[in-house]
Amino acid sequence: MSSTRHRIAVIAGDGIGSEVVPAAQRLLDAAGKRFGFQLEWTDFDWSCEYYSRTGRMMPEDGLDQLSEFDQIFLGAVGYPGVPDYVSLWGLLIPIRRRFQQYINLRPIKLLRGIESPLRKIPPSGIDFLVVRENNEGEYSEAGGRLFRGTPQEMAVQESVFTRFGMERTMRYAIAAAEGREGRLASATKSNGIIHTMPFWDEVMDELSEDHPNLDVSQYHIDALAAQFVLDPGRLDVVVASNLFGDILTDLGAAIIGSIGIAPSANLNPEGDHPSMFEPVHGSAPDIAGQGKANPIGQVWAGAMMLEHLGHQEAADAVMESVEHVLSETSIRTPDLGGTATTDEVIEEVVRTFGHKTSESQTDPATI
Ligand code: GGG
């Protein structure tokens, strides 16, 4: 019987990216075997190291090369010696924009077996979704530097908020909230940022009018940050601009135990282009090469990729194995207070995955 094949471009990138990506691939391959699909991986060595050799983060036709793939699986980007605006604007941001990956989806969920640093955890746990606008906003090339090296030196940075860009993001967030508990929190700062943020709020208000059953609240970003810490149980779906969403989700990652766990999906919801799946964390040069990076953020990003490819059952099984290992064993990397290596964690998750999924299979021929 032939199984579905998916062509996946792999950019492991820098630092711990090249440690956590192969670890996650092992588990995703096992999921493919078990659930009857095949992930055809193609590696690209685009990274800061590539930049040091070639003066570019990716070749001139890099985006054309990626357009041939179904999805992109990315590790981490950035390394000391290459300015971080070069690595981001030379690789990650062009991919997000060319492929209209205008949604950056970041689940904030406390996994079974992980202790949150928060003292008060709501009885229902922590489980909400951040929808980050991913193509415009504060991440903008508009602006410039003047009078460099003189006492009058100055910089101007323009944000770009379009009705089109905001509407498509907010509509996605509204649909996500309607599929969950019906609560949507919109991150604003209209008291201090007097052009773009009132515009953001107006568009949110307009769209909300068509969804009277949805409970929509606007929070100033500072108050929302406090809410993440003080009462995360009230949150269901959060919609935020590019920068606000980025900052909030590092805080979100912290309250679910470690930035090493948090995943993110850069989605082109229409499926006209590849989407890209990556952990929220960066390349972590301080621990790179030591074999102790947490692979769970990359694995969870992989589970989101499986879900996007239509393999919901496989995605659920992957995350069930992760949660089983976290809740039933003490095997965890140092960021979670353990002593295990990246390989030891993934070894145990793969072993559990084989065990648990074969337990739940009824037809031995498919095992
Ligand atoms: N996991 C990808 C990565 O290395 N991200 C680092 C980063 O700085 N990302 C910025 C962003 O998501 O806007």
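A polar contact is a pair of N or O atoms within 3.5 Å. Keep that cut-off in mind as you click through this predicted model.

**Stop 1: the ligand and its polar contacts**

Select the ligand and tyrosine 139. An N or O atom in the side chain of tyrosine 139 sits 2.9 Å from an oxygen atom of the ligand, so this pair falls within the 3.5 Å cut-off for a polar contact. Now add valine 77: here a backbone N or O atom lies 2.8 Å from a ligand oxygen atom. Then bring in glutamate 278, whose side chain has an N or O atom 3.0 Å from a nitrogen atom of the ligand. How much of the ligand's accessible area does the protein cover? On its own the ligand has 360 Å² of accessible area, and the protein covers 86% of that.

**Stop 2: the shell around the ligand**

Next, show the 15 residues around the ligand; Val77, Arg132, Glu278, Pro279 and His281 come nearest. Colour the shell by residue type and you will find seven nonpolar, three polar and five charged residues. Now colour by domain, with domain 1 as 1–101 + 261–367 and domain 2 as 127–255. Why does the ligand lie between the two domains? Both of them give residues to the shell around the ligand, so it lies between them.

**Stop 3: strand E11**

Move on to strand E11, residues 263–267. Is this strand buried or exposed? Five of its five residues are buried, so E11 is largely enclosed by the rest of the structure. Turn the view to follow the side chains: Pro263, Ala265 and Leu267 point one way, while Ser264 and Asn266 point the other way. That is a pattern to remember, because side chains in a regular strand alternate between the two faces of the sheet.

**Stop 4: the partners of E11**

Keep E11 on screen and add strand E4, residues 103–109. E4 and E11 run antiparallel and are joined by three bridges. One of the pairs to pick out is isoleucine 103 with leucine 267, its bridge partner in E11. Then show E12, which pairs with E11 in the antiparallel sense over four bridges. Select serine 264 and you can find its bridge partner in E12, glutamate 278. You have met glutamate 278 already: its side chain has an N or O atom 3.0 Å from a ligand nitrogen atom.

**Stop 5: serine 52**

Finish at helix H2, residues 48–54, where serine 52 is found. Serine 52 is exposed, with a relative accessible area of 58%. For a last look, select serine 241 too: the two serines are 189 residues apart in sequence and 32 Å apart in space, C-alpha to C-alpha.

Definitions and conventions
Residues are numbered from 1 along each chain as its sequence is written. This is a predicted model: local features need pLDDT of at least 70, side-chain atom pairs count only at pLDDT 80 or more; totals for chains, interfaces and linings use all residues. Side-chain values use heavy atoms; hydrogens and water are left out. A residue is near a molecule or strand if one of its heavy atoms lies within 4 Å of it. A polar contact is a pair of N or O atoms within 3.5 Å; within protein, one must be able to donate a hydrogen and the other to accept it, and residues adjacent in sequence count only if both atoms are side-chain atoms. Accessible areas come from the Shrake-Rupley method with a 1.4 Å probe; for residues, only the protein chains shown count as cover. Ala, Val, Leu, Ile, Met, Phe, Trp, Tyr, Cys and Pro count as nonpolar, Asp, Glu, Lys and Arg as charged, and the others, Gly among them, as polar. Domain bounds come from an automatic or database domain assignment. Buried means under 20% relative accessible area, exposed over 50%, partly exposed in between (1.4 Å probe, protein chains only). Helices (H or I, at least four residues) and strands (E, at least two) are DSSP runs, numbered from the N terminus. Two strands pair if DSSP finds at least two bridges between them.
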